[in-house]
Amino acid sequence: MNYELTSKVVLIVGGTTGIGLATARAFALQGTKVVVASRNKDHGAAAVSSLVALGSDACFIECDVGKAASVDNLLSSVLRQFGRLDCAVNSVGYDLRLARAHEMAPREVSEQLSVDVEGVFSCMRVEIDAMLGKNSGTIVNVASTTGLSGTPKAALYSAGKHAVIGLTRSIAKEYIGDGIRINAVCPGPTATPRRERRVAHLSLKERTEQDSELAMEIPIGRLGSAQEIANAIIWLSSPLSSYVVGHSLVIDGGLTA
Ligand SMILES: NC(=O)c1ccc[n+]([C@@H]2O[C@H](COP(=O)([O-])OP(=O)(O)OC[C@H]3O[C@@H](n4cnc5c(N)ncnc54)[C@H](O)[C@@H]3O)[C@@H](O)[C@H]2O)c1
């Protein structure tokens with residue numbers, strides 16, 4: 001499939017593991033120049049090696065989206081390296097802690113939302129700034145099915161993802177007149193390192209039981225893969241989705257159907 005992404009420049013924030021890394025690989029296979037950004041230098045180095053092995057012109061930039069200055073610096077580094085920005089994917093997420101609302105400490109509110117909401121907003125702000133004036137550009141935010149309905153024991157995460165969908169819809173309407181197309185994806189439960197961390201404290205037997213219980217709730221009968229989410233992100237970033245604006249594409253094996 002020709003997605004017309006060859007020689008374009010993509011920035012993937014949160015692109016060093018999980019859904020972000022699968023997306024970076026999918027872009028690399030299209031001949032796109034790939035910049036991956038995250039807080040973790042070791043993951044960054046490993047991600048770049050795997051992208052270069054696919055033949056990509058790729059680099060890593062260290063960035064903490066919870067810090068506005070770090071996000072500003074990110075975009076100047078992208079422009080210094082490749083001279084322009086055509087596509088952006090915001091795949092950052094604060095690690096979910098399952099707890100009832102009254103069990104959450106006040107600081108957890110700002111910790112979660114500074115990454116999931118302020119972080120995504122800060123990234124969009126600088127990405128749009130870099131794209132303005134060219135009458136082109138795409139941004140895909142990684143939201144979640146938890147952004148579409150209430151999620152017990154994950155209220156802050158769910159609130160943050162509702163906000164990502166709200167930012168996507170509102171900002172998409174603001175900038176489509178400038179040729180910048182903004183959408184989101186809403187993955188259901190997806191097998192990534194993030195999910196591995198959540199079940200790391202369980203025994204193998206407990207994990208197997210939990211995985212099969214979860215799989216039974218999903219009509220397709222299994223978790224999604226990072227590659228399956230990346231496939232949708234590539235389509236939303238390509239001219240093949242040229243009439244799709246402000247949309248939140250659910251990819252969840254039928255969970256919310
Ligand atoms: N895995 C799932 O089941 C699932 C389901 C729905 C939505 N999502 C969303 O998908 C996105 C990616 O998650 P994943 O499962 O691939 O997890 P992941 O942990 O593999 O990836 C998250 C990435 O974000 C980066 N990151 C985290 N905090 C950061 C910060 N402050 N600054 C810069 N980078 C930061 C990490 O280094 C990592 O590269 C998240 O937004 C998550 O909420 C995941």
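Let me start with one residue: T23 is buried, with a relative accessible area of 0%. T23 sits in helix α1, and leaving out residues up to four places away in sequence, T23 touches I12, V89, A230, I233 and I234. Before I go on, please keep in mind that what you see above is a predicted model.

Good, so now the whole chain. How many helices and strands does the chain have? There are eight helices and nine strands. With 257 residues, a compact globule would be expected to have a radius of gyration near 18 Å, and the chain agrees, because its own value is 18 Å. If you prefer to think in boxes, the C-alpha atoms fill one of roughly 50 × 35 × 35 Å, taken along the principal axes.

Buried residues make up 50% of the 257. The accessible surface of the chain comes to about 12100 Å², and carbon and sulfur atoms account for 54% of that surface. As for how the chain folds back on itself, take the contacts between residues at least 6 apart in sequence: 71% of them join residues at least 24 apart.

Now to the ligand, which I suspect is what many of you came for. Which residues come nearest to the ligand? Of the 27 residues around the ligand, the nearest are I19, V92, Y157, T192 and R197. Two of those names come back when we look at polar atoms. A polar side-chain atom of Y157 lies 2.6 Å from an oxygen atom of the ligand. For T192, an N or O atom in the side chain is 2.6 Å from an oxygen atom of the ligand. C63 joins in through its backbone, where a polar atom is 3.4 Å from a nitrogen atom of the ligand.

How much of the ligand does the protein bury? Taken alone, the ligand exposes 820 Å², and the protein buries 93% of that. Three elements give two or more residues to the shell around the ligand: α1, residues 18–29; α5, residues 155–175; and α6, residues 193–199. The largest share, three residues, comes from α6. You will remember α1 as the helix that holds T23. By residue type, the shell divides into 11 nonpolar, 11 polar and five charged residues.

Let me take you to two more buried spots. S237 is in helix α8, which covers residues 226–237. Is S237 buried or exposed? S237 is buried, with a relative accessible area of 2%, and buried here means under 20%. Not counting residues up to four places away in sequence, S237 touches L5, F27, C87, T138, V140 and R181.

The other spot is V78, in helix α3, residues 68–82. V78 is buried too, with a relative accessible area of 0%. Again setting aside residues up to four places away in sequence, V78 touches V9, L11, V35, I61, G83, R84 and L85. Here is a pair you can check on the screen: V78 and A37 are 41 residues apart in sequence, and their C-alpha atoms are 9.9 Å apart in space.

For contrast, let us turn to R207, which is found in helix α7, residues 204–217. R207 is partly exposed, with a relative accessible area of 23%. Beyond its neighbours within four places in sequence, R207 is in contact with E196, V199, A200 and L202. And what separates R207 from I180 in space? Their C-alpha atoms are 42 Å apart, with the two positions 27 residues apart along the chain counted as their sequence separation.

Last, two backbone details for those of you who like a Ramachandran plot. E4 has a positive phi of about 55°, although E4 is not a glycine. E4 is in the segment before β1, the strand at 9–13, and E4 is partly exposed, with a relative accessible area of 46%.

N135 is the other one, with a positive phi of about 60°, and N135 is not a glycine either. Where does N135 lie? N135 is in the loop between α4, residues 106–131, and β5, residues 138–142. N135 is exposed, with a relative accessible area of 57%.

That is my tour, and I am happy to go back to any residue you would like to see again.

Definitions and conventions:
Residues are numbered from 1 along each chain as its sequence is written. This is a predicted model: local features need pLDDT of at least 70, side-chain atom pairs count only at pLDDT 80 or more; totals for chains, interfaces and linings use all residues. Side-chain values use heavy atoms; hydrogens and water are left out. A residue is near a molecule or strand if one of its heavy atoms lies within 4 Å of it. A polar contact is a pair of N or O atoms within 3.5 Å; within protein, one must be able to donate a hydrogen and the other to accept it, and residues adjacent in sequence count only if both atoms are side-chain atoms. Accessible areas come from the Shrake-Rupley method with a 1.4 Å probe; for residues, only the protein chains shown count as cover. Helices (H or I, at least four residues) and strands (E, at least two) are DSSP runs, numbered from the N terminus. Ala, Val, Leu, Ile, Met, Phe, Trp, Tyr, Cys and Pro count as nonpolar, Asp, Glu, Lys and Arg as charged, and the others, Gly among them, as polar. The radius of gyration is taken over C-alpha atoms; the globule rule is 2.2 Å times the number of residues to the power 0.38. Buried means under 20% relative accessible area, exposed over 50%, partly exposed in between (1.4 Å probe, protein chains only). Contact means heavy atoms within 4.5 Å.
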